[in-house]
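Please walk me through this structure, starting with the ligand site and then turning to the protein interior.

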Amino acid sequence: MTETTPEPTSKKLFIKTYGCQMNVYDSDRMADALAPHGYEPVQAAEDADLVVLNTCHIREKASEKVFSEIGRLREMRDERRLTGGDLMIGVAGCVAQAEGDEIVRRAPAVNLVFGPQSYHRLPELLARAHNGARVVDTDFPEEDKFEHLPAAKKEVTLKRGLTAFLTVQEGCDKFCSFCVVPYTRGSETSRPLEQVLREAETLAEGGVRELTLLGQNVNAYHGLDSRGRTVGLGELCYRLSLIPGIARIRYTTSHPLDMTDELIEMHRDLDALMPYLHLPIQSGSDAILRSMNRRHTVAEYMAVIERIKTARPDMAMSGDFIVGFPGETDADFEATMQVVREVGYASAYTFKYSIRPGTPGATMENQVPEAKKAERLTRINEQINTQMHAFHRSVVGRTLPVLIEKPGRHPGQIGGRSPYLQAVHMDGPTRLIGQIIPVEIVEARNNSLIGKIVTVAEPNPASVIESQAIAAHI
Ligand code: 5AD
Ligand code: SF4
């Protein structure tokens with residue numbers, strides 16, 4: 001008789017993700033870290049033995065949601081206990097980091113609280129919680145959590161599709177006066193080059209064709225290579241573009257001061273870098289920018305955009321704006337509207353200023369009344385929507401490379417994304433899924449484009465030569 005090792009008992013895990021793309025990436029890594037311990041992902045809290053809320057602290061509304069969700073889960077747990085069942089509740093992410101003690105105090109139902117730097121310790125924390133302890137881990141450890149976290153796996157990736165997020169940098173040293181990120185994610189760190197390349201190779205082997213590199217300050221990336229040399233984001237993008245299968249690279253979010261010449265030149269030289277850049281300015285008023293501690297003026301931001309557009313004339317821009325920052329006058333807001341028009345953003349995220357305890361903005365005088373913020377938000381949104389639709393219409397008649405991602409809603413149709421992240425629908429066979437093909441855009445709808453396949457793509461010898469030229473350059 002042969003002895004068999006017992007399988008770990010299967011437990012069900014549901015992770016609810018709030019906030020940014022980095023949280024989406026982190027949730028996947030948490031699931032990967034727990035898989036060897038018998039945790040299998042499920043799609044709803046109702047089916048789970050362990051629910052983790054991966055939280056966001058960036059604005060007040062985002063963090064308020066956590067406490068109401070904990071309340072709902074506690075009720076579910078209490079009901080289960082009546083019939084001998086149970087539920088473990090974990091709170092992860094930036095609310096956990098910033099308000100760990102508050103959660104412990106206000107929400108006794110929560111079994112464990114852990115910040116973004118503790119995810120690699122999750123199995124151990126969970127074991128302690130299973131033994132009845134209430135576990136809180138919000139330290140910023142010295143060790144590199146990525147060394148201990150499983151890299152994105154290819155089996156998982158296949159399920160996820162042709163595009164993937166990849167965290168390359170975390171944290172921020174900029175300390176904008178409205179922002180909690182430097183407190184919740186800690187100071188800037190970059191993952192070593194080889195570690196990022198290895199993870200990208202695994203993703204590519206699993207079928208991923210488009211990578212979005214993530215970091216709170218991603219263009220401040222300065223990872224070490226195996227010889228101890230510091231590598232910037234431009235070179236990282238180039239090295240990633242050499243991985244077979246990786247055809248498109250994006251990165252988010254960037255700070256204007258970190259748009260180096262090296263990175264901007266990469267936008268000129270590297271076809272794989274998509275001509276769509278998220279570069280927040282937050283406000284179009286120099287006085288407000290100063291008070292926000294952004295460390296640049298409107299003119300300096302405009303100069304960066306000009307350098308980018310010179311390097312890559314087909315570049316489209318997106319950004320973030322905060323309206324109603326303390327002291328923002330009507331004239332300051334009009335200056336923001338002027339920047340929105342002048343840059344001609346193809347899209348943008350807009351927010352009402354939200355007081356974050358512990359940040360300098362929270363104690364500033366001249367807080368703007370809610371009604372004023374709402375009024376300004378409506379106006380800026382109208383302008384951005386108008387520009388977004390104009391941008392969609394502007395690509396009608398152009399032939400764009402489209403990454404075919406999935407079957408369309410109707411038989412015989414397929415859908416994909418343009419370089420500008422626009423959804424494109426067209427007639428075509430599903431065997432094209434995973435390919436990048438030239439598509440003539442024939443119509444712009446509200447939220448998508450209609451296209452017509454031109455020809456099936458052949459490898460472009462010109463881009464091969466171009467890659468070699470860049471290799472020589474590095
Ligand atoms: N209030 C409103 N918006 C904020 N953001 C960051 N902090 C705040 C805040 N306190 C916005 C910024 C940032 C984006 C991620 O969220 O525009 O770029
Ligand atoms: Fe926050 Fe971005 Fe400013 Fe850093 S650069 S403090 S993440 S808004």
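**The ligand site and the cores**

In this predicted model, ligand 1 is surrounded by Ile58, Arg59, Phe178, Gln282, Asp320, Ile322, Phe351, Lys352, Tyr353, Ser354 and Arg356. By class, this shell comprises 5 nonpolar, 2 polar and 4 charged residues. Two strands, E15 (316-323) and E16 (347-352), each contribute at least two residues to the shell.

Several polar atoms of the protein lie at short listed distances from the ligand. On Arg59 a polar side-chain atom is 2.8 Å from an oxygen atom of ligand 1. Phe178 and Ser354 instead use the backbone: a backbone N or O atom of Phe178 is 3.0 Å from a nitrogen atom of ligand 1, and a backbone N or O atom of Ser354 is 2.8 Å from a nitrogen atom of ligand 1. The protein buries 86% of the 400 Å² that ligand 1 exposes when taken alone.

Now the interior. In soluble globular proteins, nonpolar side chains tend to be buried together. Here the largest nonpolar core has 71 residues, and the members that touch the most others are Leu211, Leu213, Leu240 and Tyr251. Helix H12 (residues 298-311) is the main contributor to this core, giving 7 residues.

Tyr251 can be followed residue by residue. Leaving aside residues up to four places away in sequence, Tyr251 touches Leu213, Val218, Leu233, Cys237, Met259, Leu263, His267, Leu273 and Leu277. Apart from the largest core there is a second, separate one of 24 residues, with Val66, Phe67, Ile70 and Ala96 among them.

Methods:
Residues are numbered from 1 along each chain as its sequence is written. Chains are lettered from A and ligands numbered from 1 in the order in which they are written. This is a predicted model: local features need pLDDT of at least 70, side-chain atom pairs count only at pLDDT 80 or more; totals for chains, interfaces and linings use all residues. Side-chain values use heavy atoms; hydrogens and water are left out. A nonpolar core is a set of buried Ala, Val, Leu, Ile, Met, Phe, Trp, Tyr and Cys residues joined through side-chain atoms within 4.5 Å. Buried means under 20% relative accessible area, exposed over 50%, partly exposed in between (1.4 Å probe, protein chains only). Helices (H or I, at least four residues) and strands (E, at least two) are DSSP runs, numbered from the N terminus. Contact means heavy atoms within 4.5 Å. A residue is near a molecule or strand if one of its heavy atoms lies within 4 Å of it. A polar contact is a pair of N or O atoms within 3.5 Å; within protein, one must be able to donate a hydrogen and the other to accept it, and residues adjacent in sequence count only if both atoms are side-chain atoms. Accessible areas come from the Shrake-Rupley method with a 1.4 Å probe; for residues, only the protein chains shown count as cover. Ala, Val, Leu, Ile, Met, Phe, Trp, Tyr, Cys and Pro count as nonpolar, Asp, Glu, Lys and Arg as charged, and the others, Gly among them, as polar.
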